[in-house]
Structures are given as C-alpha cells and as structure tokens.
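Let's take a walk through this structure together, one element at a time. Please keep the sequence and the 3D view open as you read.

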Amino acid sequence: MSMNLPYSEKLNIQALQRIFDDKAECYKLFWFKAILRKVREGKQRITYNELVSLMMADAYYMVNEYHLNLGPNDSLEKIVQIISAKTGMKATEKTEKIYEVLLDYRDKEITRLRSNLIANVPYCLQSTFLDDLKISDISTKKDERLRELNRQKRMLYYYGEYMMYDTEIIIDDEWYGYLAENREILEGWVQYNLIEYLQRRNPTIPGIPNKIAPPEKRELTSAKKFWKAVISRTDIVDCYTGMRFTDENLNSFGQIEIDHFIPWSFVASDEIWNLTPTFKKVNINKSNDLPNMDVDLNLLAHQHFIAKSVAKENTQLSKLFSSFLDNNLNDSKTRIELYEKPVSEKEYKIGITKIIEPLYLSAENAGYKPWVDRIGV
C-alpha cells in the first residue's frame with residue numbers, strides 16, 4: 001500500500017514520492033519531518049542545527065520512554081540516549097523544551113555523533129531529484145558538493161555557504177508553496193512511512209502508531225470510578241503490596257491511583273486487564289518497571305476476579321463495570337470469554353495470563369527492567 005501525494009503541473013512529485021524508497025535507516029524520515037515542522041512555522045531558510053535538533057527532539061520520546069529501536073547502529077538513537085543520561089531531561093519532557101535545549105547544547109561526544117547526521121542526509125534525501133547524477137559521484141568535499149548540487153535544476157531545496165551546523169538549506173520557492181499548501185497531507189504521509197519503518201524494526205512491540213508522539217491523554221476515568229466503587233464495597237488488596245485500601249494505608253502511601261501492570265509506555269493502551277488500583281507512592285515507585293510475573297500477577301488476577309464478581313451482584317457497580325468494559329476493552333472475544341461468560345477464578349487467571357505473559361516477555365526484550373527497589377513490600 002502506498003499513499004499518493006497531491007499533483008502539481010510544475011513540480012516533480014514523482015521524485016518527492018520516492019524519497020523514502022530506501023529506508024534502511026530512519027534519518028530521511030526525521031529530516032523531512034523536521035523540514036515540514038519549520039515550513040509550518042513559516043521558515044524557508046533553515047539551518048542544519050535547527051533540523052538536527054528537531055530530529056533529536058522528535059526521536060527523544062520514542063527511544064527513552066517507549067524503548068523503540070530506530071535501526072542497527074543508529075546514530076540518532078545513540079544520541080538521544082546519551083543526551084538523556086547527560087542532561088537528566090525526563091523521557092516525557094515536552095518536545096519543544098527538548099528542542100530548545102538541544103539548539104545550544106555543546107558536548108564533545110554529542111557533537112561527534114551529530115556530525116554523522118549532517119554528513120549525508122541533507123544530500124541523500126534529494127537523490128531522487130538528480131537525473132543522471134548520483135550522490136556517490138559528487139565530491140565529498142563539503143564546499144564542492146554544495147556547489148555541484150546547487151547547479152542542479154528542480155531541486156527541493158538548495159544550500160547556503162557551508163558553515164557546519166550553521167549551513168542553511170533554502171527551500172525552492174515553488175516547492176515551498178507546495179509544502180506549505182499540502183503540509184497536513186505530507187505530515188500524514190511521513191507519519192505513515194515512519195510507522196511502517198518502526199513496525200519493521202520493532203516487530204514484537206505493540207501500539208507503534210501510538211508511539212510516534214507523546215500521548216495527549218490516557219482514558220482512565222471509567223477505571224477510576226469503577227475501582228473506587230469496588231474498594232468502597234468490598235475488601236480487596238493492592239496487587240503489588242498485598243495491603244488493603246484502609247484509611248491508615250491511604251494516609252501512609254497516598255490516595256488510590258490507576259496503574260498499568262505492564263507499563264503504559266510499552267503497551268500504549270488502557271485495556272481493562274492491564275489496569276489495577278494501587279497507592280500513589282507505590283505507583284510512583286514502580287514507574288516504568290516490570291512487576292513480578294508470579295506473585296503480582298496472581299494478586300492481580302484475584303483482585304480482578306473479585307471485582308467483576310462483586311459487580312455482577314450490584315446494580316450500580318454493574319453499570320460502572322459495563323462502562324469500564326465499553327471504554328477500556330477493544331477485543332470482543334476477550335470480553336465474552338473473560339468478562340461476560342461465567343468462569344472460575346482459575347479459568348480467569350489462565351485467560352489473563354495468556355494476554356499479559358507475551359507482552360511481559362516482549363517488554364523485557366525491549367529493555368524494560370524488573371521492579372527491584374519496591375516500597376511497601
């Protein structure tokens with residue numbers, strides 16, 4: 001499946017359509033995505049530094065929060081991991097804040113890796129616009145390379161004087177008009193290609209389409225209403241600590257929050273079987289770590305089974321439970337087999353384990369760490 005770009009009588013749209021044909025690495029995707037971002041801001045002249053900083057800021061969340069693999073020996077992935085370690089910026093920091101920091105960030109190791117990003121991608125992106133000329137045939141000396149490329153016709157953009165990171169690309173007037181007029185369509189096209197690329201690089205990671213940008217919100221309203229109603233009516237325990245939700249424990253460990261058993265940053269969804277009530281301090285302490293697959297999962301299964309059993313016997317809880325299922329369960333088969341058909345606790349535990357266990361193993365393989373320094377246990 002491919003996405004056709006808007007037609008133009010004057011421009012070589014076929015050449016633009018082919019810029020991502022060779023996606024051995026992700027650089028072209030992030031570079032062109034950054035160009036579109038700057039066009040959105042009304043800029044026609046853009047420095048390498050602006051584009052590279054945007055590339056790193058866009059990739060920061062994917063790599064540090066979602067643990068996505070951008071490609072073998074990928075410089076962009078390495079850079080954002082090192083930046084995270086050196087600056088201490090949180091993985092969920094706003095993209096704009098990361099971009100502003102990176103514009104003026106100077107570090108010897110980062111500078112070396114940044115240079116890899118501007119070595120070829122500003123030129124290789126335009127290889128499809130060259131008629132009989134190949135990028136490999138052009139001089140590797142930066143000044144000469146820019147002069148040779150600037151002599152070509154119908155290019156997407158041209159180049160200012162070579163000044164390392166301060167080098168500018170100047171988008172051709174007609175191309176600038178096309179990019180500005182069709183920016184939303186082109187952003188969707190880049191997003192489609194980026195999702196396709198990331199799915200190929202991360203075959204066992206769920207929810208890739210939801211992981212190319214920070215989330216706008218998480219749908220937990222129905223979960224909070226249901227679990228608070230359950231806790232007020234029956235004696236269940238926190239699946240991580242085994243503690244009951246008494247006033248004393250709530251005062252000591254914080255009020256009730258809804259946690260994702262397998263971290264949200266991995267599953268990128270709010271499915272009912274992965275949500276559990278816990279104490280605020282426990283939730284913060286667990287963060288993006290993986291719980292104990294034996295003890296914690298046993299308690300989770302028991303907690304869920306008791307909750308759904310109680311819901312069947314109470315009209316108000318039943319309504320809240322139905323709303324919870326409608327908002328937080330997308331698989332109709334799971335809804336029928338685990339939540340609507342009568343099942344024993346053993347059968348329920350087997351069913352929820354079949355869902356969670358493969359995700360747990362995939363999260364481990366993706367680099368998620370076990371939860372070791374646990375409070376309240």
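What follows goes from a sheet and the helix lying across it to a helix with two contrasting sides, and then to the salt bridges. Please bear in mind throughout that this is a predicted model.

Let's begin with the sheet. Three strands make up an open sheet, and reading across it gives the order β1-β3-β2, with antiparallel pairing. At the edges sit β1 (45–47) and β2 (157–159), each of which pairs on one side only. From one strand to the next, the twist averages 30 degrees. In general, strands of a sheet pair through backbone hydrogen bonds, in either a parallel or an antiparallel way.

It is worth zooming in on one of these pairings. Strand β3 (residues 168–171) is joined to β2 by 3 bridges, and the two run antiparallel. If you would like a residue to anchor your view, pick Tyr 159: its bridge partner in β3 is Ile 169. Now bring in a helix. Helix α3 (residues 48–64) lies across β1, β2 and β3, and its direction makes an angle of about 65 degrees with β1.

Next, turn to helix α16, which spans residues 315–328. Its 14 residues reach 20 Å from the first C-alpha to the last, close to the 20 Å expected at 1.5 Å a residue. Which residues of α16 are buried? They are Leu 317, Phe 321, Phe 324, Leu 325 and Asn 328. These residues lie on the same side of α16 because they cover an arc of only 95 degrees around the axis. Look at the other side of α16 and you will find Thr 315, Lys 319 and Asp 326, which are exposed. What covers the buried residues of α16? The cover includes α11 (221–233), β5 (275–279), α15 (295–312) and α17 (332–340).

Finally, let's follow the charged side chains. Side chains of opposite charge can pair when their charged atoms come close. This structure holds 16 salt bridges, and a few of them make good stops on our tour.

One of them joins Arg 40 and Glu 187, whose closest N and O atoms are 3.1 Å apart. This pair links distant parts of the chain, with Arg 40 in helix α2 (residues 27–40) and Glu 187 in helix α10 (residues 183–201), 147 residues apart. Arg 40 counts as partly exposed because its relative accessibility is 48%, and Glu 187 is also partly exposed, at 24%.

Another salt bridge brings together Glu 109 and Lys 86, at 3.3 Å from N to O. Here the link runs between helix α6 (residues 108–119), which holds Glu 109, and helix α4 (residues 75–87), which holds Lys 86; the two residues are 23 apart in the chain. Glu 109 has a relative accessible area of 31%, so it is partly exposed, and Lys 86 is partly exposed as well, at 40%.

Are Asp 259 and Lys 286 buried or exposed? Both are buried, and their side chains meet in a salt bridge with an N to O distance of 3.0 Å. Asp 259 belongs to strand β4 (residues 256–260) and Lys 286 to helix α14 (residues 280–286), so this pair, too, links distant parts of the chain, 27 residues apart. As a last stop, find Arg 37, Lys 38, Glu 41 and Glu 96, which are joined into one network by salt bridges that share partners.

Terms used
Residues numbered from 1 in each chain as written. Predicted model: local features only at pLDDT ≥ 70, side-chain atom pairs only at ≥ 80, totals over all residues. Heavy atoms only, no water. Salt bridge = Lys/Arg side-chain N within 4 Å of Asp/Glu carboxyl O. Helix = DSSP H or I, 4+ residues; strand = E, 2+ residues; numbered from the N terminus. Buried < 20%, exposed > 50% of the residue type's maximum accessible area, 1.4 Å probe, protein only. Pairing = 2+ DSSP bridges. Axes fitted to C-alpha atoms, helices over the stretch in contact; angles between N-to-C directions. Contact = heavy atoms within 4.5 Å. Expected span 1.5 Å × (residues − 1). Arc of directions from axis to C-beta.
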